[in-house]
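Notebook open, structure loaded. I want to go through the sheet first, then the domains, then the ligand.

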Amino acid sequence: TECIGILGGGQLGRMLAMVARQMGYQVAILEPSKDCPAAPFANHHITKPYDSQDGLLELAKLSRVVTTEFENVPAASIRLLKDFGCQVYPDENSIRIAQNRGNEKSFFRSIGLETAEFKIINNQDDIELIGTDMFPAILKTTTLGYDGKGQIRVKDLAELVVAYQQLGGECILEKLVDLAYECSVIVARNQTGAKCFPLIENYHRDGILDISYIPANLSADILSRANNAAISMVEALDYIGILTIEFFITIDNRILVNEIAPRPHNSGHITIESCITSQFEQQLRAICGLPLGDTEVKIPGAMLNLLGDVWLDNRDAFAKLCADSNAKFHWYEKLEAKKARKMGHLSLTGKDRLLLEDKVMKLKQSLNFI
Ligand code: ATP
Ligand code: MG
Ligand code: MG
């Protein structure tokens with residue numbers, strides 16, 4: 001049987017591996033942590049660093065196609081895998097863009113898409129040049145941030161100076177956007193074409209994704225603009241695989257691109273229950289050269305992230321979560337529950353959006369994390 005190689009072994013790798021196994025593929029992961037979430041579903045687990053030559057050679061020998069479940073793969077690793085004869089999707093260029101918020105935003109603008117106003121900051125001198133019209137703003141490290149980590153909100157120049165002292169290195173200052181909504185498009189592209197999943201509506205809490213709904217309850221105009229943006233992005237990148245695009249919808253109805261992820265996405269977990277094809281199956285179809293699956297919504301759904309906080313405080317949380325006869329519970333088997341760590345998620349489906357929202361709120365209240 002054919003073997004799929006995955007760089008990384010977190011929950012995204014786990015869910016991708018589960019589907020790959022279900023489809024009859026073998027799975028090899030390169031992930032230093034022995035007890036990672038993907039390990040139980042891997043036929044081969046290479047417990048070496050992502051930039052280990054030996055590890056990469058081993059992965060390449062096992063797999064014809066290699067993909068990644070996180071964007072911070074060293075570019076050199078992707079090149080090595082190609083030298084060793086593997087197909088690697090997505091490619092180095094796309095991953096390099098997604099690794100750096102500055103590259104990302106310049107790329108979006110270069111293909112005519114709007115972003116929040118931004119300035120790159122490399123030292124205290126760059127701060128001198130920032131005009132007062134850039135505030136309030138968020139200072140973010142250009143690399144390695146996720147779940148709102150490496151971000152500080154600043155309301156004026158004085159606060160920016162302090163924030164930059166904390167973060168240092170290369171940062172990006174983004175003007176705060178007046179958000180009406182946040183949403184994401186998950187788009188897949190293979191050698192023959194591209195296909196989007198229906199728009200997903202996202203709610204964050206403390207910088208971390210909290211709840212997602214599919215389909216988004218937004219105007220047809222927003223839907224088509226977001227889809228067009230997603231398609232032009234994968235075409236411009238000549239992309240193969242799954243790409244997720246996060247959008248800000250402003251109160252004056254502009255659609256700004258926030259960031260991209262060159263992989264399946266937390267907001268797309270609900271496709272498992274709600275869509276004909278899940279984002280993970282679609283990823284495999286795209287990278288294996290199979291026809292893309294149908295993406296339409298069979299039944300609307302909501303996804304609720306379960307963070308470590310809940311598991312630290314609620315010993316009986318599992319029973320509460322499963323009390324709803326419609327709930328689908330996903331657990332990532334992380335060894336230790338930490339505050340704000342994504343431990344699992346819960347999916348609910350139903351035709352009536354208001355009823356879904358009501359169920360989500362009740363669940364959150366029952367867990368005391370609202
Ligand atoms: P992720 O976990 O999605 O990778 P991240 O750490 O890369 O998150 P962002 O997506 O840039 O961070 O920001 C996290 C959240 O913070 C956004 O979803 C949004 O709610 C808020 N946010 C970020 N930038 C802005 C902005 N310029 N204006 C308003 N809100 C913002
Ligand atoms: Mg991000
Ligand atoms: Mg984000």
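Started with the sheet: four strands make an open one, ordered 6-9-7-8, with antiparallel pairing. I take strands (E, at least two residues) and helices (H or I, at least four) as DSSP runs, numbered from the N terminus, and I call two strands paired if DSSP finds at least two bridges between them. This is a predicted model, and I kept local features to pLDDT of at least 70 and side-chain atom pairs to pLDDT 80 or more, while totals for chains, interfaces and linings use all residues. Residues count from 1 along each chain as its sequence is written, chains are lettered from A and ligands numbered from 1 in the order in which they are written.

Which strands sit at the edges? Strand 6 (118–121) and strand 8 (151–154) do, each pairing on one side only. I got an average twist of 20 degrees from one strand to the next. Looked closer at strand 6: its antiparallel pairing with strand 9 (residues 171–175) runs over four bridges. Phe118 faces Glu174 of strand 9 there.

Next I checked what lies across the sheet. Helix 7 (residues 157–167) crosses strand 6, strand 7 (137–141), strand 8 and strand 9, at about 170 degrees to strand 8. My axes are lines fitted to C-alpha atoms, for helices over the stretch in contact, with angles from 0 to 180 degrees between N-to-C directions. Contact here is two C-beta atoms, placed from the backbone, within 7 Å.

On to the domains, whose bounds come from an automatic or database assignment. I have domain 1 (3–88), domain 2 (117–175) and domain 3 (179–366). The centres of domain 1 and domain 3, over C-alpha atoms, are 23 Å apart. Their contact takes 18 residues from domain 1 and 17 residues from domain 3. On the domain 1 side, helix 1 (11–22) and strand 4 (65–68) each supply at least two residues; helix 1 has the largest share, seven residues. That side splits into eleven nonpolar, three polar and four charged residues. I count Ala, Val, Leu, Ile, Met, Phe, Trp, Tyr, Cys and Pro as nonpolar, Asp, Glu, Lys and Arg as charged, and the others, Gly among them, as polar.

Last, ligand 1. Which residues come nearest? Ala116, Tyr146, Glu174, Val177 and His204, out of 17 around the ligand; "near" needs a C-beta atom, placed from the backbone, within 6 Å. Strand 10 (179–190) and strand 15 (255–261) are the elements giving two or more residues to this shell. Domain 2 and domain 3 each contribute at least three. I sorted the shell residues into six nonpolar, five polar and six charged.
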